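Student: Could you take me through the salt bridges in this model, one by one? I'd also like a close look at any charged side chain that goes without such a partner, and at what surrounds it.

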Amino acid sequence: MRIRLFGELDISVEGERLPALESGRARSLLAYLVLHDGTPLARQRLAFLLWPDSAEGQARTNLRHLLHTLRSAGPAMAPFLDVTPQTLRWHGEGRCWTDVAAFDAALARAAAAEPAGDEELAALREAVELYGGDLLAGCYDEWLLEERDRFRDRYLWALRRVAGLLGRRHDHGEALRLGRELLRLDPLREDSYRLLMRIHDAAGDRAGAVRTYHACASTLRRELAVEPSEETRRAYAALMRPGAEPAPEAAAGATL
């Protein structure tokens with residue numbers, strides 16, 4: 001079985017996709033179980049997570065109905081669900097591939113690799129490619145929001161790191177593409193603007209670096225009514241000095 005939780009939920013068994021789960025709560029329950037693979041989870045806690053505003057009895061009844069919906073989604077799912085009167089447990093036990101587990105594993109390999117080496121870059125690129133969108137897009141249960149933000153922050157960090165490493169390796173085209181993606185996803189982070197400025201500068205496109213600074217300044221004024229930080233202003237001033245050398249590419253990775 002293969003389960004993708006990044007973006008829209010996608011489940012396949014031996015290459016065949018299972019029918020989509022129409023119930024948002026069923027998708028939410030499955031995601032919670034998968035994210036806690038191997039851990040028995042109390043039904044009472046699951047009921048409270050999914051129906052925090054309902055009475056306990058009603059919430060537990062809702063959970064029973066939801067579990068029936070989940071188990072009816074396909075017989076292939078049954079072997080992965082361990083159901084007792086008190087707990088529910090998802091047990092992939094190496095038989096179920098998930099993008100979230102693969103994403104975590106890729107980041108762990110990157111952390112263990114030699115900094116700025118080929119292995120770190122390859123692992124980070126794998127993590128970036130695995131992230132197909134925010135965790136369980138379209139579901140907004142309260143428990144999910146914190147998990148979604150946690151994965152998104154780690155993805156943005158990986159994206160920023162890859163862009164910096166590629167800049168150091170003179171792969172400016174790909175580094176610029178990833179830098180622009182960073183700004184699209186989080187247009188208020190000044191360090192992303194500074195990274196993109198450095199990559200433009202290292203690529204010999206000082207005009208692009210200047211445009212990036214002005215985009216930063218206008219965005220901050222419009223959205224937050226503030227000016228760029230002193231660090232960002234210093235980076236811009238360095239660009240504007242007569243005869244200034246391109247920014248050292250090592251800095252693109254060092255600040256990540």
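Tutor: Happy to! Let's start with Arg222, which forms a salt bridge with Glu223, with 3.3 Å between the closest N and O atoms. Keep in mind that this is a predicted model. Arg222 has a relative accessibility of 56%, and the cut-off for exposed is over 50%, so Arg222 counts as exposed. Glu223, at 47%, is partly exposed.

A search of the whole structure finds 18 salt bridges. Take Arg109 and Glu126, whose side chains meet with an N to O distance of 2.5 Å. This pair links distant parts of the chain: Arg109 sits in helix α4 (residues 99-112) and Glu126 in helix α5 (residues 118-130), 17 residues apart. How accessible is Arg109? Its relative accessible area is 40%, so Arg109 is partly exposed. Glu126 also counts as partly exposed, because its relative accessibility is 31%.

Next come Arg194 and Glu231, which form a salt bridge at 3.5 Å, N to O. Arg194 belongs to helix α8 (residues 190-202) and Glu231 to helix α10 (residues 230-240), so the bridge ties together parts that lie 37 residues apart in sequence. Is Arg194 buried or exposed? Its relative accessible area is 13%, and buried means under 20%, so Arg194 is buried. Glu231, by contrast, is partly exposed at 41%. There is also a network of salt bridges, which links Arg160, Arg189 and Asp191.

Now for the side chain without a partner. Arg43 is buried yet has no salt bridge. How far away is the nearest side chain of opposite charge? That is Asp82, 9.2 Å from Arg43. A salt bridge needs the nitrogen and the carboxyl oxygen within 4 Å, and the distance to Asp82 is 9.2 Å.

What does surround Arg43, then? Arg43 is found in helix α2 (residues 43-50). Leaving aside neighbours within four places in sequence, its contacts include two other arginines, Arg60 and Arg64. Leu63 and Leu67 touch Arg43 too. The remaining contacts are Val83, Thr84, Pro85, Gln86, Thr87 and Leu88.

Several of those names lead us to a sheet. Strands β4, β6 and β5 form an open, antiparallel sheet in the order β4-β6-β5. Its edge strands are β4 (41-42) and β5 (81-83), each pairing on one side only. Helix α1 (residues 24-35) packs on this sheet, where it touches β4, β5 and β6, and its direction makes about 70° with that of β6.

Look next at how the strands meet. β5 and β6 form a hairpin with 3 residues between them. 3 antiparallel bridges join β5 to β6 (residues 87-90). Val83 has Leu88 of β6 as its bridge partner, and both Val83 and Leu88 are contacts of Arg43. On the other side, β4 and β6 pair through 2 antiparallel bridges. There, Leu41 stands opposite Leu88.

A second helix belongs in this picture as well. Helix α3 (residues 56-72) lies across β5 and β6 and runs at about 145° to β5. The numbering places Arg60, Leu63, Arg64 and Leu67, all contacts of Arg43, within that stretch.

One more residue helps to fill in these surroundings. Leu33, again leaving aside neighbours within four places in sequence, is in contact with Leu41, Leu46, Leu70, Leu81, Leu88 and Trp90. Leu88 is therefore a contact of Leu33 as well as of Arg43 by the heavy-atom criterion of 4.5 Å. Leu33 is also a member of the largest nonpolar core, which has 69 residues; Ile3, Leu5, Leu30, Leu33, Trp90 and Phe103 touch the most other members. Helix α6 (residues 142-168) supplies the largest share of this core, 11 residues. Apart from it lies another core of 6 residues, including Ala209, Tyr213, Tyr236 and Leu239.

To sum up, compare two arginines: Arg194 is buried and meets Glu231 in a salt bridge, whereas Arg43 is buried and has none.

Note on methods
Residues numbered from 1 in each chain as written. Predicted model: local features only at pLDDT ≥ 70, side-chain atom pairs only at ≥ 80, totals over all residues. Heavy atoms only, no water. Core = buried A, V, L, I, M, F, W, Y, C linked by side-chain atoms within 4.5 Å. Buried < 20%, exposed > 50% of the residue type's maximum accessible area, 1.4 Å probe, protein only. Helix = DSSP H or I, 4+ residues; strand = E, 2+ residues; numbered from the N terminus. Pairing = 2+ DSSP bridges. Axes fitted to C-alpha atoms, helices over the stretch in contact; angles between N-to-C directions. Lys, Arg positive; Asp, Glu negative; His and termini not counted.
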